[in-house]
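Trainee: I should like to learn how to read the internal features of a protein model. May we take them one at a time?

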Amino acid sequence: MALPGFPFPSAAADYDDRRRRARLRSTRLGAGWGRWRRARLLALRLTLVPLVALGAFAEYMGLDVLPEQDRLARTEPSVLPIAGPSDLQATGTAVFDLVGLGVLDAGDTARALPSLSRLGSVWAVRYDNSGIDTRVISDLIVKVTDAAQVTDVVLAGHSMGGVIALEIAKHLHQDSGGKRVRAVLLDCTPVDLNAVRPESRDQGEEMLRWMGWVPGARESRMLRLAVEMYARHDRFVGGRYVIRGAEFRRAVDDVLRSKILNTDAASNGLIEAQFKAIVAGGAVDDLRALAKPAAGKPRPAIVFIRPHDPYDDPVVDVQYSHQVLIDQVGGVRGTLLVVTTRTTGHANPIERPQEYNTVIEQQVVPFVRQLWRDQSGVASAGH
């Protein structure tokens with residue numbers, strides 16, 4: 001016997017399924033519309049897209065950006081003591097170490113260079129994660145050295161940290177009253193954007209574009225995760241874009257532990273500020289200022305540490321920086337020392353501590369002391 005309303009049903013289950021489908025068709029959105037039904041449905045669906053996007057943006061801001069903004073608002077630059085002076089000749093000097101792009105705290109780098117204590121007591125600069133203000137850092141150095149009753153300062157900057165060190169040195173040299181900058185040590189420092197190798201320059205400029213276009217990019221951890229994973233894609237992407245699962249998981253774990261969940265990692269905003277310091281190109285002007293005595297203070301020594309083979313540094317064209325330094329502070333009466341190393345790469349004292357400490361001990365320390373004695377003798381003769 002046939003079931004009513006449906007010709008030739010094969011089973012009760014088939015009957016129930018047909019009734020369900022018929023009921024869905026009769027009650028779905030737009031079932032009673034006649035003319036322009038498809039166009040009206042499409043228009044209705046398109047109106048939902050902005051609402052979904054707005055909801056996703058609100059979640060992005062509320063869960064990702066705003067909590068990070070709140071955390072970064074409570075940070076500020078600081079200096080941390082690392083070691084006391086290891087030489088009686090260095091008791092009146094403080095050495096401040098500054099690290100480069102993408103690094104927040106110079107503590108590990110300063111601890112890898114015990115030879116710096118031959119120049120004075122060693123301090124590590126920890127940047128403010130929301131950005132960099134060299135005037136604030138120089139004022140902080142003045143306060144710390146005043147408390148320690150120290151008058152002479154040495155600044156050591158690695159990679160981009162050298163750009164920051166030069167700007168701080170200019171503030172101290174010209175505006176700090178009784179503070180004297182004895183030396184500025186530049187480790188593979190790009191003196192301007194032309195000294196950054198093209199591939200690294202392109203990555204930095206792309207980062208600045210994202211920072212300008214995407215709301216919350218300076219604080220977003222999701223965007224940071226995407227950028228850091230892309231930077232490591234060679235670890236887990238094989239031929240024809242095949243992703244190797246085990247390597248991918250290790251890369252994700254590395255990024256989460258070292259960059260995303262680690263509150264000591266440099267923020268997107270700090271990295272942007274660091275790269276902008278290079279883009280601004282003020283290092284050459286700072287070098288010119290340091291090449292002249294100011295308020296009776298002698299000119300500081302400028303030391304450039306670089307690999308002997310310029311191609312051992314894949315980030316900075318150290319040959320270009322070398323030539324600019326010769327033009328600005330070199331020459332017969334210049335204050336420049338260039339130290340070439342054999343096994344180092346780009347500003348990597350943690351990986352090559354032995355060679356760094358050797359060249360500082362045997363070349364940098366004697367040069368800085370001799371230049372200081374020579375200039376002190378000239379100043380005494382002038383009086």
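Mentor: The following exchange treats overall content, cavities, helix packing and individual residues in turn. Please bear in mind throughout that this is a predicted model.

Trainee: Let us begin with the overall content. How many helices and strands does the chain have?

Mentor: The secondary structure comes to 13 helices and seven strands. The chain has 383 residues, and buried residues make up 43% of them. Contacts may also be sorted by separation in sequence. Among contacts between residues at least 6 apart in sequence, 78% join residues at least 24 apart.

Trainee: How does one look for empty space inside a model, and how many cavities of 30 Å³ or more are found here?

Mentor: Rolling a probe the size of a water molecule over the atoms shows where empty space is left. In the present case, a search of the whole structure finds two cavities of 30 Å³ or more. The largest cavity holds about 60 Å³ of space, and the second largest has a volume of about 50 Å³.

Trainee: Which residues line the largest cavity?

Mentor: Its lining consists of L113, L116, A156, G157, H158, L185, L186, D187, I305, Y356 and I360. The elements that give two or more residues to this lining are β4 (152-158), β5 (180-187) and α13 (353-382). By residue class, the lining of the largest cavity divides into eight nonpolar, two polar and one charged.

Trainee: What is the make-up of the lining of the second largest cavity?

Mentor: That lining has four nonpolar, two polar and three charged residues. The residues around the second largest cavity are Q89, A90, T93, R118, L119, V154, R182, V368 and R369.

Trainee: I turn now to helix packing. How is a pair of helices described, and at what angle do α11 and α12 pack?

Mentor: Two packed helices are described by the angle between their axes and the distance between the axes. Helix α11 (residues 283-290) packs against helix α12 (residues 318-329) at an angle of about 35°, and their axes are 9 Å apart. The crossing of α11 past α12 is right-handed.

Trainee: Which residues meet in this contact?

Mentor: From α11, the residues V284, L287 and R288 meet V324, L325, Q328 and V329 of α12. Sorted by class, the residues of this contact are five nonpolar, one polar and one charged.

Trainee: Is α11 mostly covered or mostly open, and what covers its buried residues?

Mentor: Helix α11 is mostly covered, with six of its eight residues buried. These are A283, V284, D286, L287, A289 and L290. Their cover includes α5, β5, β6 (301-307) and α12.

Trainee: Helix α5 appears in that list. Why does H171 count as buried?

Mentor: The cut-off for a buried residue is under 20% relative accessible area. H171 counts as buried because its relative accessibility is 14%. This residue is placed in helix α5 (residues 160-175). Leaving aside residues up to four places away in sequence, H171 touches T134, R135, S138 and S176.

Trainee: Finally, what should I note about the backbone at S159 and C188?

Mentor: One looks at the sign of phi together with the residue type. Phi of S159 is near 55°, a positive value in a residue other than glycine. S159 is in the loop between β4 and α5, and it counts as buried because its relative accessibility is 11%. For C188, phi is likewise positive, near 55°, and C188 is not a glycine. C188 lies in the loop between β5 and α6 (198-213), and at 0% relative accessibility C188 counts as buried.

How values were computed. Residues are numbered from 1 along each chain as its sequence is written. This is a predicted model: local features need pLDDT of at least 70, side-chain atom pairs count only at pLDDT 80 or more; totals for chains, interfaces and linings use all residues. Side-chain values use heavy atoms; hydrogens and water are left out. On a 1 Å grid over the protein atoms alone, a cavity is a set of points where a 1.4 Å probe fits but cannot get out, and a pocket is an open set with protein on both sides within 12 Å along at least five of seven lines; lining residues have an atom within 4 Å of a point. Grid points are joined across faces, edges and corners, and a volume is the space filled by probe spheres set on the points. Helices (H or I, at least four residues) and strands (E, at least two) are DSSP runs, numbered from the N terminus. Ala, Val, Leu, Ile, Met, Phe, Trp, Tyr, Cys and Pro count as nonpolar, Asp, Glu, Lys and Arg as charged, and the others, Gly among them, as polar. Axes are lines fitted to C-alpha atoms, for helices over the stretch in contact, and angles run from 0 to 180 degrees between N-to-C directions. A crossing is left-handed if the near helix is turned anticlockwise from the far one by less than a right angle, and right-handed if clockwise. Contact means heavy atoms within 4.5 Å. Buried means under 20% relative accessible area, exposed over 50%, partly exposed in between (1.4 Å probe, protein chains only).
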